[in-house]
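User: Could you take a close look at the nonpolar patch on the surface of this protein, and explain how the residues around it are placed? I am in my first year, so please go step by step.

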Amino acid sequence: MNGEYRTLATDSIEADILFYGLERCRPGHVFRGNNIRSNYVLHFILQGQGEFAVANQHLTTLHAGDIFLITEG
């Protein structure tokens with residue numbers, strides 16, 4: 001291989017990163033709204049803890065080191 005990059009085989013799974021960021025949520029932060037997305041959103045918890053639930057689903061407590069995925073809707 002001559003370069004740093006390789007082309008993935010056509011039978012593999014490819015992904016494009018649309019956006020990334022970092023959010024420092026204050027204690028008691030709540031997001032209420034539509035969790036339906038047109039893409040997948042992967043979250044990685046760096047520090048602290050919080051809770052996540054989808055409408056009418058069970059509440060999950062998340063801690064530093066946890067990862068969760070919101071799937072496309």
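Analyst: A residue counts as buried when its relative accessible area is under 20%, as exposed when that value is over 50%, and as partly exposed in between. With that cut-off, buried residues make up 8% of the 73 residues in the protein. Please keep in mind that this is a predicted model, and that the values below are computed from it.

Before turning to the patch, it helps to have the overall layout. The protein has 0 helices and 4 strands, and its elements, read from the N terminus, follow the order β-β-β-β. Among the contacts with a separation of 6 or more, 38% are between residues 24 or more positions apart. The accessible surface of the protein comes to about 7400 Å², and carbon and sulfur atoms hold 51% of that surface.

Now to the patch itself. The residues L22, Y40, L42, F44, L46, I67 and L69 form a nonpolar patch on the surface, and together they have about 800 Å² of accessible area. Two strands, β1 (residues 41-44) and β4 (residues 67-70), each supply at least two residues of this patch. One of the patch residues, L69, lies in strand β4, and because its relative accessible area is 46%, L69 is classed as partly exposed.

The segment before β1 holds N39, a residue whose relative accessible area is 18%, so that N39 counts as buried. Leaving aside residues up to four places away in sequence, N39 touches L18, F19, I70, T71 and E72.

Strand β4 also takes part in another feature. A search of the whole structure finds 1 aromatic pair. In this pair, the ring centres of F52 and F68 are 4.7 Å apart and the ring planes stand at 35°, so the pair is described as tilted. The pair links distant parts of the chain, since F52 belongs to strand β2 (residues 49-52) and F68 to strand β4, with their positions 16 residues apart in the numbering. The two partners fall into separate classes of exposure: F52 is partly exposed because its relative accessible area is 22%, whereas F68 is buried because its value is 16%.

Taken along strand β4, then, the picture is of a partly exposed L69 in a strand that helps to supply the nonpolar patch, together with a buried F68 that pairs with F52.

Definitions and conventions. Residues numbered from 1 in each chain as written. Predicted model: local features only at pLDDT ≥ 70, side-chain atom pairs only at ≥ 80, totals over all residues. Heavy atoms only, no water. Patch = residues over 30% accessible without salt bridge, like charges linked within 9 Å, V, L, I, M, F, W, Y side chains within 5 Å. Areas by Shrake-Rupley, 256 points an atom, 1.4 Å probe, with all protein chains shown as cover. Salt bridge = Lys/Arg side-chain N within 4 Å of Asp/Glu carboxyl O. Buried < 20%, exposed > 50% of the residue type's maximum accessible area, 1.4 Å probe, protein only. Contact = heavy atoms within 4.5 Å. Phe/Tyr/Trp six-rings, centres within 6.5 Å; stacked < 30°, edge-to-face > 60°.
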